[in-house]
Amino acid sequence: EYVADAAGLADVLRAGCATAYVSGHHAAYYPGTWDGLALLAAGGVGARRLLGDAGPARSTVTLVDVWHEPPRIAYTTYDADSLEPVLADALPASLPSGLVLSRRASAQWPIDCGGG
């Protein structure tokens, strides 16, 4: 249910200049950043509530758009039941785990090695 050696994985991602780490097993949607890395908890079907948040549990589908010229990336996430977009302002600004809401949840942002 969690990465046992998060710091070690973060070092590998930084060394490889990863633009995002995508996971989804926990079925809770949250596009965040942690320690300078872009993380996308993609959610999925079988919704679970975000830990530490009273917001609704929702099943989601996330599209990741990547452009090469100029380099940028954006997430567009939809509620799987209503097909309505899940807007960034409907998500908490941060989670108790230290994740902070990513700018990629609401707009197209440049790709860089620092996440975001």
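## Sheet architecture

Two strands are taken as paired if DSSP finds at least two bridges between them. On this basis, the predicted model contains an open sheet of 4 strands, arranged in the order β1-β3-β2-β6 with mixed pairing. Its edge strands are β1 (residues 21–23) and β6, each of which pairs on one side only. In general, strands of a sheet pair through backbone hydrogen bonds, in either a parallel or an antiparallel manner.

The pairing of β1 with β3 is parallel and extends over 3 bridges. Within this pairing, S23 stands opposite A41 of β3. Helix α1 lies across β1, β2 and β3, and runs at about 115 degrees to β3.

## The β4–β5 hairpin

Strands β4 (residues 60–68) and β5 (residues 71–79) pair in the antiparallel sense, with 9 bridges between them. The connection from β4 to β5 is a hairpin of 2 residues. W67 has R72 in β5 as its bridge partner.

## Nonpolar core

The largest nonpolar core comprises 20 residues, and Y29 and Y30 have the most contacts inside it. Four elements, namely α1 (6–15), β2 (29–34), β3 (37–42) and β5, each supply at least two residues of this core. The greatest contribution comes from β3, with 6 residues. As a general tendency, nonpolar side chains in soluble globular proteins are buried together.

Apart from residues up to four places away in sequence, Y30 touches L39, L40, A41, L50, L91, P92, A93, S94, L95, L99, V100 and L101. The contacts of Y30 thus include A41, the residue of β3 that S23 stands opposite.

## Surroundings of V100

V100 is located in strand β6, which covers residues 100–101; β6 is also one of the edge strands of the open sheet. V100 is classed as partly exposed because its relative accessibility is 40%, and that class lies between the 20% limit for buried and the 50% limit for exposed residues.

With residues up to four places away in sequence excluded, V100 touches Y30, P31, G32, T33, A93 and S94. Y30 in turn touches A93 and S94, both of which are also contacts of V100. L39 is 61 residues from V100 along the chain, and the C-alpha atoms of the two residues are separated by 9.6 Å. L39 is among the residues touched by Y30.

Conventions:
Residues numbered from 1 in each chain as written. Predicted model: local features only at pLDDT ≥ 70, side-chain atom pairs only at ≥ 80, totals over all residues. Heavy atoms only, no water. Buried < 20%, exposed > 50% of the residue type's maximum accessible area, 1.4 Å probe, protein only. Contact = heavy atoms within 4.5 Å. Core = buried A, V, L, I, M, F, W, Y, C linked by side-chain atoms within 4.5 Å. Axes fitted to C-alpha atoms, helices over the stretch in contact; angles between N-to-C directions.
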